[in-house]
Amino acid sequence: MPESYVNLLADLKEDEVLKLTKKRIDSGEDPMKILEDSRKGMEIVGKRFADGEYFLPELVFSGELLKQVTAMVKPHMSGKATQVKKAGKVVIGTVAGDIHDIGLNIVDFMLDVNGFDVTNLGVDVPADKFVKAMKDTKAPVLGLSGFLTPAFDAMKETVEALEKAGIRKNVKIMIGGGQMDDEVRKYAKADAFGKDAMAAVSLAKKWIGVN
Amino acid sequence: MTMRGFDNQVIPVLDKPENWAEMTWRERREERFKRWLNPPEVKFVSPAAKRLFKERVTRFTRAIKMEEPDRVPVMLPTGNYPAYWAGADFHTLMYDYVTMRRIWIKYLEEFGDMDTFNGPALVPSGRIAEALDSRLQKLPGLGLPQDATMNQFVEGEYMAADEYDRLIADPSDYHIRVMSPRTTGLFESFAKLPPLRMLQGAFWVAALADPDLRQTFQILMDLADEHRRHQQANMEINAYIRSRGFPSLFGGGPMAGAPFDHFADTLRGTRGIAMDMFRQPRKLHEAMEFWADLMISSTIKNFPMTAGPVCMMPLHKGDDTFMSDKQFEEFYWPTLRKIFMAMIEEGLVPMPFAEGKYNNRLKQIADTPKSGVVWYFDQTDMAAAKKILGNTSCIVGNVPTSVVKTATPRQVREYCRKLIADCAPGGGYILAGGASIDKGKIENLRAMMDAAKEYGVYKK
């Protein structure tokens, strides 16, 4: 059953997934096992997205499925620690003055299903908030998102703020989104430009040293 | 008769020829091009200005028809750049129309040759925006930092998943009594209006007896003078620009978009539309077909003879990264194509602006009559676009904003040279930026013009 459950979730069969989730809970199965299967299903979704088989609508819908499954399972959890192995910490956010979050959330999703511990600061994040988050989390990787041309300067200012705070050398910075490209990377003095969410994952893996 | 154009200019509407009904779409378009070329409302300051105006319009119309003009026409990615060039900003323009007018005129006089130029079309009046209190859009100083350089849209699930039927049954009623109160602070009181079909005779008075509704209408009436001042300033700017011989590319076509975007952007949002694609695809199709037909019957069909036939259509969620080819074919393209075809039939020129990348879409969108649609690309590979769409559409684009903003003038010229080499042969190409810049070097904008003159001349 677990395998078909994983596949049903990966295939986004909403009715079947929910029915089967209920059945598994009713039969007294360990809720952690159901969540673990959901995670595997989401991993396949992430892989299909990376392979160009799935697109944004599938990602969003799979997130909705996971939310429903989690809500069903949660009341049956006996407070056991939900320890999940994480590949490393990454902080992400959309830079100051820009309120776009679609690309940011895709990167969040893809980093998450690939095992990273993601701190998503949201949109319109001032430079000092990025600095504080990097200090608090000690994350080695920072992802800056931006959709519009004004984000060029906000990215540059964020990188400069990290320099000023004396932590630039401890952090690898990737940028992405809308009008960003390698020219902007040079302008903002970031370490890499990623053209999509998969690039964010492989950059984070490369920098943190995960295979 | 007059009507409002894209650039906020009031444009006289001319009569159509008597045999309009018998004309082919190409003949109708030719009539509209003639109207663009000979604008009765423009008072040219000199014969030279008039001659330049005609040269420039002809450059565009020939490119649109996929013929070879004298040289590649250019649409500079100027946007609100003049404001920053002059040391002002977006926020200032929202409130100080006198400064706005002064800056635009100064910029026009200092820049020199351009193929097209417009007033600050997308800067709204600050006082009106404040009073409207829109939740859909944030502006510098109104939801965004005061020094923000552009407006930004806020997505949300403003329409509920089960409201499609209500919208289809009575779209005006739905938009005014349901959507407006949700999206716009000033219109919260509209939730108290009776169904719109009831608003006849004394019902109007009864509705306004409600203090909240009365206040909303009072505020709207008080804003009318502010609107007139804003419009007047814009009209003066545009009249000045035209009179010096600079045409507008978008002076009067109807504004329209893709029906999918209509539902995905402001009504349901990205999350909501994704749910609908899986949970109620047929309902979504029904709604998009309904919307397309409504747009066609109420806006596009019998569209009057206005200053110009080009219809700028920003497209958002059909790009390579948003959806698959299959989803594009199923959800995005059919109703968009329907709108294109209706515009073409009227002699109008749909000019979709394909935000993001359309590399995977090029084959799919080639399914329109030759020269009917002009495709403006943001980040699409232009050489591939020329190869695939070269026999179907005039293509427009796409010096990246990053290059225009951060590179040297020499690099900009070189980028344009390559684009022209890839896209110009045989005609059907307009050089443009991928998107507009706000700040940056004026030399880089001049470099684009220079490149077109140096590399984009067609040999006779």
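**Sheet, contact and domains in a predicted two-chain model**

User: In this predicted model, what makes the strands 3-11-10-9-8-7 of chain B an open sheet?

Analyst: Happy to walk through that. The six strands of chain B line up in the order 3-11-10-9-8-7, with parallel pairing. At the edges sit strand 3 (74-75) and strand 7 (310-315) of chain B, each of which pairs on one side only.

User: How do you know that strand 8 and strand 9 of chain B pair?

Analyst: Pairing needs at least two bridges between the strands. Strand 8 (residues 349-354) and strand 9 (residues 374-377) of chain B have two bridges, in the parallel sense, so they count as paired.

User: Which residue in strand 9 of chain B is the bridge partner of F353(B)?

Analyst: That partner is Y376(B).

User: Now the two chains. What makes up the contact between chain A and chain B?

Analyst: Chain B brings 29 residues and chain A brings 20 residues. A residue pair counts here if the C-beta atoms, placed from the backbone, lie within 7 Å. On the chain B side, helix 12 (269-279) and helix 16 (401-406) each supply at least two residues. Helix 12 of chain B gives the largest share, six residues.

User: Which classes of residue make up the side of chain B that touches chain A?

Analyst: That side of chain B has 16 nonpolar, nine polar and four charged residues.

User: How confident is the predictor in chain B, and what does the predictor give for the complex?

Analyst: Chain B has a mean pLDDT of 93, and 97% of its residues reach 70 or more. As pLDDT runs from 0 to 100, you can place that mean on the scale yourself. For the complex, the predictor gives an ipTM of 0.85 and a pTM of 0.88.

User: Which domains does chain A have, and how far apart do their C-alpha centres lie?

Analyst: The domain assignment gives domain 1 (2-76) and domain 2 (88-208) of chain A. Their C-alpha centres lie 29 Å apart.

User: How do you know that domain 1 and domain 2 of chain A are in contact?

Analyst: The same kind of cut-off applies, C-beta atoms within 7 Å. Eight residues of domain 1 of chain A are in contact with six residues of domain 2 of chain A, so the two domains do touch. Helix 3 (31-50) and helix 4 (56-73) of chain A each supply at least two residues of the domain 1 side, and helix 3 of chain A gives the most, with five residues. By class, this side of domain 1 of chain A has five nonpolar, two polar and one charged residues.

Methods:
Residues numbered from 1 in each chain as written. Chains lettered and ligands numbered in written order. Predicted model: local features only at pLDDT ≥ 70, side-chain atom pairs only at ≥ 80, totals over all residues. Helix = DSSP H or I, 4+ residues; strand = E, 2+ residues; numbered from the N terminus. Nonpolar A, V, L, I, M, F, W, Y, C, P; charged D, E, K, R; others polar. Domains from an automatic or database assignment.
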